[in-house]
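The exercises below ask you to read a protein structure step by step. Please attempt each task before you turn to its solution.

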Amino acid sequence: MAVAVRGTRGGGSGGVGAGFRSLFSYRIFVSAVFSLLFIATVTVLRTTSPSTTHHHSRLPSGGNAYMHRTFLALNSDPLKTRLDLIYKQANDHITLVKAYAAYARKLKLEISRQLKMFDDLVKNFSDLTSKPSYKSSLFETDGNLDEDVLRQFEKEVKDRVKFARLLVAESKENYDNQLKIQKLKDTIFAVNELLGKAKKNGAFASSIAAKSIPKSLHCLAMRLVGERISHPEKYKEELPKAEFEDPSLYHYAIFSDNVIAVSVVVRSVVKNAEEPWKHVFHVVTDRMNVAAMKVWFRMRPVEGGAYMEVKAVEDYNFLNSSYVPVLRQIESAKMQRFYFENKMENATKDGSNMKFRNPEYISMLNHLRFYLPEMYPKLPKILLLDDDVVVQKDLAGVWKIDLAGKVNGAVETCFGSFHRFSQYLNFSHPLIKERFNPKACAWAYGMNIFDLDAWRREKCTETYHNWQNLNVDRTLWKLGTLPPGLITFNSLTKSLDKSWHVLGLGYNPSISMDEINNAAVIHYNGNMKPWLDIAMNQYKNLWTKYVDNDMEFVQMCNFGV
């Protein structure tokens, strides 16, 4: 047993020793293999590396290049590592400059200053490495590098790099799309601000030019009043003529405070009428201009035997604030503040505010058109003409149009989505929304034939009063007589052929002359009235040929027509 035990111990000790010796031999083997691999790698790299470290074209890149520079740094002159970094920095900036130059060419900027600078900079970088002093001392030597030469080379490279960065920073705004888009947005916003301001100022100036009384008109009115004062015996009031109420004649209503404009309308009607003695004109003006209007038509009687009646608004006693909503509204303090305390600075800030607050829109002369049956109770029909129209054909045919029981005969102005009810009435208001169609076609004032018997039957004036009272706070419509006219004569308007009435000569320069020449009536609606200096020249002669230039006061007041 003892032998057996000793044998066992001895055998176990020998096995452990053999294991240690095997493990030690394995470690020596692995270490030897890695050492051989390392030596082989270094040998290969050193034997395959070129004698010249750098080339003029570009440096090696990727993992091999990194290992190459690492071993080069360990086994060669440290100045060569510094040269390598400088050269790489130069190449990187050459690539960047070339990229910007290529983009500049793509944008067709070949003749631009920047493109030339890009090309010059690339050439400077390339020329720098080709200098004989640098080429021989830095790039084609097998020995150690000259530190002074390297320092000078580094300085020149850094100068060019600095210039390249400045040039790229300056050009980035042109080639960076996001910057360009933002700059363009800022520019558009600024231009729109200036444009909006210019439009408001222009609209304000245009409004002043259109609504102010020209010196020539003021002169004419003063001359006419002076004539009446100087010779009162010549201008005694005449008794009304029977023709003023004769239903067999052609009756016209003209409401205006402009003497020369009314005279042009009357002369154009008479000169183009086949039977001028059958035409009767009812002119209504305000108290300030009634004397001048009467003197004019006494001094220059209507030609062809036509009849002329001139009255003032005040001659119609029923037109008072207890009956007429507009007169009642004018008398309210709130309405007076709204229309007559409009400061210029507020007007230029809000163009629509300036337009809406024009007192002309609540002038009684404008609203007389809603009282035609009461002003002319014995007439069955009447033709309403604005004072800014010119008649080019005989209008007797208008009275022969069958209105089919309708009250108003007018030319419609809608086309596409323009001039629909929605542009004149506030369809956000429930009263408007539930009673009218926003797509209904609008029509125009300027030349309207009214069946006064149908008007009385349909009680249109009462309808107008009801809606005008509802609009005391201006929530149903903003301004003028067209919106209440659209409401009052809704479904009571007969559409006339467009050749009867051509509009736009006071604002639209592109109306065809064929359309104008074929029209019975042309209308200078808009700010550019034909008696103003701002009138459009291509249309002005159509109006001026009816001006009575033989009238002495027209010559004295220098109308310049």
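The following exercises concern a predicted model, and each is followed by a worked solution.

**Exercise 1. Disulfides**

Task: Determine how many disulfides a search of the whole structure finds, and describe each of them.

Solution.

Step 1. Recall that a disulfide is a covalent bond between the sulfur atoms of two cysteines. The search of the whole structure yields two disulfides.

Step 2. One disulfide connects C219 with C557, at an S to S distance of 2.1 Å. C219 belongs to helix α8, and C557 to the segment after α23, so this pair ties together parts that are 338 residues apart in sequence. The torsion about the S-S bond of C219 and C557 is about -75 degrees, so the disulfide is left-handed.

Step 3. C414 and C441 form a disulfide as well, with their sulfur atoms 1.8 Å apart. C414 is in the loop between β6 and α17, while C441 is in the loop between α17 and β7; the pair therefore ties together parts that are 27 residues apart in sequence. Here the torsion about the S-S bond is about -100 degrees, so this disulfide is left-handed.

Step 4. Consider burial, for which the cut-off is under 20% relative accessible area. C557 has a relative accessible area of 7% and is therefore buried. C414 and C441 are both buried.

Step 5. When the bonded cysteines are counted along the chain, the disulfides follow the pattern 1-4, 2-3.

**Exercise 2. Salt bridges**

Task: State how many salt bridges are counted, and place the partners of K294, R267 and R456 in the chain.

Solution.

Step 1. Side chains of opposite charge can pair when their charged atoms come close. The count comes to 13 salt bridges.

Step 2. K294 pairs with E237, the closest N and O atoms being 3.0 Å apart. This pair links distant parts of the chain, since K294 lies in helix α10 and E237 in the loop between α8 and β1, 57 residues apart. E237 has 54% relative accessibility and therefore counts as exposed, the cut-off being over 50%.

Step 3. R267 pairs with E303, with 3.5 Å between the closest N and O atoms. R267 is in helix α9 and E303 in the loop between α10 and β3, 36 residues apart. At 18% relative accessibility R267 counts as buried, whereas E303, at 38%, counts as partly exposed. Both R267 and E303 belong to a network of salt bridges that also links K271, R300 and D548.

Step 4. R456 and D453 meet in a salt bridge of 2.9 Å, N to O. They are three residues apart in helix α18, and are therefore separated by about one helical turn. R456 counts as partly exposed at 30% relative accessibility, and D453 counts as partly exposed at 43%.

**Exercise 3. The second largest pocket**

Task: Describe the volume of the second largest pocket and the residues that line the pocket.

Solution.

Step 1. The volume of the second largest pocket is about 710 Å³.

Step 2. Its lining consists of 28 residues, of which E238, F244, M308, E309 and V310 lie nearest the centre of the pocket.

Step 3. Sort the lining by residue class: 16 are nonpolar, one is polar and eleven are charged.

Step 4. Assign the lining to elements. α10 and β3 each supply at least two residues, and the largest share, five residues, comes from β3.

Note on methods:
Residues are numbered from 1 along each chain as its sequence is written. This is a predicted model: local features need pLDDT of at least 70, side-chain atom pairs count only at pLDDT 80 or more; totals for chains, interfaces and linings use all residues. Side-chain values use heavy atoms; hydrogens and water are left out. On a 1 Å grid over the protein atoms alone, a cavity is a set of points where a 1.4 Å probe fits but cannot get out, and a pocket is an open set with protein on both sides within 12 Å along at least five of seven lines; lining residues have an atom within 4 Å of a point. Grid points are joined across faces, edges and corners, and a volume is the space filled by probe spheres set on the points. Helices (H or I, at least four residues) and strands (E, at least two) are DSSP runs, numbered from the N terminus. Ala, Val, Leu, Ile, Met, Phe, Trp, Tyr, Cys and Pro count as nonpolar, Asp, Glu, Lys and Arg as charged, and the others, Gly among them, as polar. A disulfide is a pair of cysteine sulfur atoms within 2.5 Å. Buried means under 20% relative accessible area, exposed over 50%, partly exposed in between (1.4 Å probe, protein chains only). A salt bridge is a side-chain nitrogen of Lys or Arg within 4 Å of a carboxyl oxygen of Asp or Glu.
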